[in-house]
Each structure stands twice: as C-alpha cells, then as structure tokens.
Amino acid sequence: MKFFIDTANLEQIKEAQELGILDGVTTNPSLMAKEGITGKNNIYKHYVDICNLVEGDVSAEVIATDFEGMVREGEELVELHEQIVVKLPMTKDGIKACKYFSDRGIRTNVTLVFSAGQALLAAKAGATYVSPFLGRLDDISTDGLNLIDEIRQIYDNYEFETQILAASVRHTMHIINCAKIGADVMTGPLSSITGLLKHPLTDLGLEQFLKDYAKGNL
C-alpha cells in the first residue's frame, strides 16, 4: 500500500518524508486555502515546492469545471514538474478530460468519487488513480469502507490498472481496514499516519527496557 499525505503544509510533508515511508502527496483548493496560498502563480509555485520535497506523485487539482478549461489547466500543471498528476472532478466533463489526458500518457486522479459506478467510469476513462472519499461517506452514516470493497471487486474482475486511492481518511483504523480490503493507496492527514506508530504496550515495553538497563549500567 502506498502512503500519500493529504495536505499543502510543507512542514507536515517534510515530517512525513523524513519517516521514510511517504510515496506522494494529494492536495486540493481547500487545503491550499488553509495554508493561505492564493493566486494562480503562488499556487503553482507551491506545487513545485511540494514536488521538490518528495519523490512520488503530487496530485494538483484543476479549478475549471468545463472540459476545455480542465484541459487547459491540466496541461499547465503537468508542465510545472514531472511528478504532477492532474486531479479532475467526477463529472461528465471531468471524465472527458480524464480520457483526453490518458490518451496522451498524462497521469490523472479522479476525485470526489462516492459510488462504485463513478469509479467504474473513471477506470474506463483510463484514470491513473480514483479517489473514493470514505470519510465523507462515514460522516453521513454510510459505510465508506464498503465502497472501497466494491471498487476493489470490480477492478479485479476486469483487471483495470486504475489504482484505488482511499481518500478522506480520518484515522488509523481507516488505514488498516483499507489495507485489509486491498486499496492501492491511502491519503490522509499526518496524524493518521503517525498514529500507526502508537501502542501503549510499545511505550510500556520501552520504558521497562530502559529501567532494566539503568539498573546495571548507570
């Protein structure tokens, strides 16, 4: 399973990168705004800064909602850095843009996916990644993990190469359960990743080891 971090915060990206387990970064307009990154030139520069911090894919989302606008923005984004993946919305024009880019060998991430049918269309259009938002489904009392499971079954049935990027991950158990189901990638906040490090028995065990060492060596 690949680990992506879902943020535009450079310090958090750097911290995740230093763990040695980071495979990429996902961003969106909301995350950019949260970091105070506004204006096209500043946003584009920030994408390059992120790419320079990591070795893996960096999803950069288009703002346009029409096909022509998505193509124009997507072509600009991929010129910024070789690691850029064009992030497109799950809409009619988004699927058309996905097909346009995939036919030209440009990697894409179809986002805001909430049903297996949407994921099927994205795979048919040649998406590199599809991003089902399990956390947002959980928020409305719907089983987000079930969606991941359905997509996995469909993709396996027809050997689609599109990778399932479990998005809107909120906590460590989302990651564990997505790994069990067979999601190819997870993307979430730094806290969900570092949360995997924690277990009370690890802390107690280390504390005891240090106490025992101190008895005979200090």
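Me: How many helices and strands does the chain have?
Reply: Keep in mind that this is a predicted model. Its secondary structure mixes both kinds of element, and the chain comes out with 11 helices and 8 strands.

Me: What share of the residues counts as buried?
Reply: The C-alpha atoms of the chain fill a box of roughly 70 × 40 × 30 Å along the principal axes. To count as buried, a residue needs under 20% relative accessible area. Out of the 218 residues of the chain, the share that counts as buried is 46%.

Me: Which residues are the closest to the centre of the largest pocket?
Reply: That pocket holds about 510 Å³ of space. It has 27 lining residues, and the closest to the centre are Asp-6, Asn-28, Leu-31, Arg-136 and Ser-168.

Me: And which elements each supply at least two residues of that lining?
Reply: By class, the lining of the largest pocket splits into 8 nonpolar, 12 polar and 7 charged residues. Both helices and strands turn up among the contributors: those giving at least two residues each are α2 (29–34), β5 (108–113), β8 (185–188) and α10 (190–194).

Me: Which helix gives the most to the lining of the second largest pocket?
Reply: This pocket has a volume of about 190 Å³. Among its 14 lining residues, Ile-43, Tyr-44, Tyr-47, Glu-61 and Ile-63 are the closest to the centre. At least two residues each come from α2, α3 (40–53) and α4 (67–80). With 4 residues, the one that gives the most is α3.

Me: How many nonpolar residues are in the lining of the second largest pocket?
Reply: Polar residues number 2 and charged ones 3 in this lining. Tyr counts as nonpolar here, so Tyr-44 and Tyr-47, both close to the centre, go into that class. The nonpolar count is 9.

Me: Is Ile-21 buried, partly exposed or exposed, and why?
Reply: Ile-21 sits in the loop between α1 (10–19) and β2 (24–26). On the surface, Ile-21 forms a nonpolar patch with Leu-19 and Leu-197, about 270 Å² of accessible area together. Partly exposed covers the range between under 20% and over 50%. Because its relative accessibility is 37%, Ile-21 counts as partly exposed.

Me: What about Asp-139, buried or exposed?
Reply: Look in helix α7 (residues 134–139) for Asp-139. The cut-off for exposed is over 50%. Since Asp-139 has 51% relative accessibility, it counts as exposed.

Me: What distance separates the C-alpha atoms of Asp-139 and Lys-198?
Reply: Along the chain, Asp-139 and Lys-198 are 59 residues apart. In space, their C-alpha atoms are separated by 25 Å.

How values were computed
Residues are numbered from 1 along each chain as its sequence is written. This is a predicted model: local features need pLDDT of at least 70, side-chain atom pairs count only at pLDDT 80 or more; totals for chains, interfaces and linings use all residues. Side-chain values use heavy atoms; hydrogens and water are left out. On a 1 Å grid over the protein atoms alone, a cavity is a set of points where a 1.4 Å probe fits but cannot get out, and a pocket is an open set with protein on both sides within 12 Å along at least five of seven lines; lining residues have an atom within 4 Å of a point. Grid points are joined across faces, edges and corners, and a volume is the space filled by probe spheres set on the points. Patches are made of residues with over 30% relative accessible area and no salt bridge: like charges are joined within 9 Å, nonpolar side chains (Val, Leu, Ile, Met, Phe, Trp, Tyr) within 5 Å. Accessible areas come from the Shrake-Rupley method with a 1.4 Å probe; for residues, only the protein chains shown count as cover. A salt bridge is a side-chain nitrogen of Lys or Arg within 4 Å of a carboxyl oxygen of Asp or Glu. Buried means under 20% relative accessible area, exposed over 50%, partly exposed in between (1.4 Å probe, protein chains only).
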